[in-house]
Amino acid sequence: MPDPKPTPGGGACGPCGSGEAGAPAACNCDAAPRAADAVGADPTRRQFFGGAVRGAFVFLLGAVTSLVARHSQKERTVWQIDPNKCIACTNCANYCVLTPSAVKCVQHYPMCGYCKLCTGYFEPQPNALTTAAENQVCPTGAIERKALEDPYYEYNIKEELCIGCAKCVVGCVLFGNGSFALQVRHDRCVNCNECAIAVVCPADAFVRVPASQPYLLKNRDHKDEPHAA
Ligand code: SF4
Ligand code: SF4
Ligand code: SF4
């Protein structure tokens, strides 16, 4: 026998109509609310549970969002050349999916000697130390030579002309300070899943680096390591 169910305020059961007005508030029909259920109708308690569930949901959402943000921040990487491993072969100019290559020469000014006879700029035996094309190592004229206070000269890379052939890198390493180096330029690189140059790089010089620090500086200690001729 199920518990008698109270009718709100006593008298006839609203849902089933049984009982009489003024009779004790009890009815056994299924339509009438059970005594225990009547507690659930208490607005204060309902608000409390509703608030608790919402609070837990908001907390969980916050925790998941922060986890996802931290995860994606940690995972975001881009391709870069470790200039201390690169042996300056010609692959960077020829294997990039882009034409011209996303790899460019960069000048590391703190390492540069500002030499009058720059072996990254001039052919090994130039006719003269002038800017005539036949005297230059660079096949595209991408290096700008600017006179400073005598006898110093500044060498700047015009990236829009650079094809990443590394000829200047070889020259600078052979007799100079090794201040020229190749780097993947991220305003051009499309960050292929598998970099076509990395596949053929003979020096394992392509590495993934955090997108927040996408460039690698050359280390002076590696200047004298072997480079392609
Ligand atoms: S393929 Fe590798 S070794 Fe050759 S120039 Fe590019 S980074 Fe350097
Ligand atoms: S990741 Fe793609 S676009 Fe970037 S340097 Fe490599 S091949 Fe070129
Ligand atoms: S020699 Fe090659 S790598 Fe150096 S600046 Fe010219 S095009 Fe760029």
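**Fold, nonpolar core and ligand shells**

The secondary structure of the protein comprises 5 helices and 6 strands, where helices (H or I, at least four residues) and strands (E, at least two) are DSSP runs numbered from the N terminus, and along the sequence these elements follow the pattern α-α-β-α-β-β-β-α-β-α-β. The model is predicted, so that local features need pLDDT of at least 70 and side-chain atom pairs count only at pLDDT 80 or more, whereas totals for chains, interfaces and linings use all residues. Residues are numbered from 1 along each chain as its sequence is written, while chains are lettered from A and ligands numbered from 1 in the order in which they are written.

Buried residues (20 or more other C-beta atoms within 10 Å of their own, with C-beta atoms placed from the backbone) account for 25% of the 229 residues. The largest nonpolar core, a set of buried Ala, Val, Leu, Ile, Met, Phe, Trp, Tyr and Cys residues joined through C-beta atoms within 7 Å, has 38 residues, and Val-103, Cys-168, Val-169 and Leu-182 have the most contacts inside it. Two or more residues each are given to this core by β1 (77–81), α3 (91–94), β2 (103–107), α4 (167–175) and β5 (180–184), with α4 giving the most, 5 residues.

Around ligand 1 there are 14 residues (C-beta atom, placed from the backbone, within 6 Å), of which Cys-86, Cys-89, Asn-91, Cys-92 and Cys-201 come nearest. Ligand 2 is surrounded by 14 residues, the closest being Cys-96, Ala-102, Cys-189, Cys-192 and Cys-195.

Technical notes:
Buried ≥ 20, exposed ≤ 12 C-beta atoms within 10 Å, placed from the backbone.
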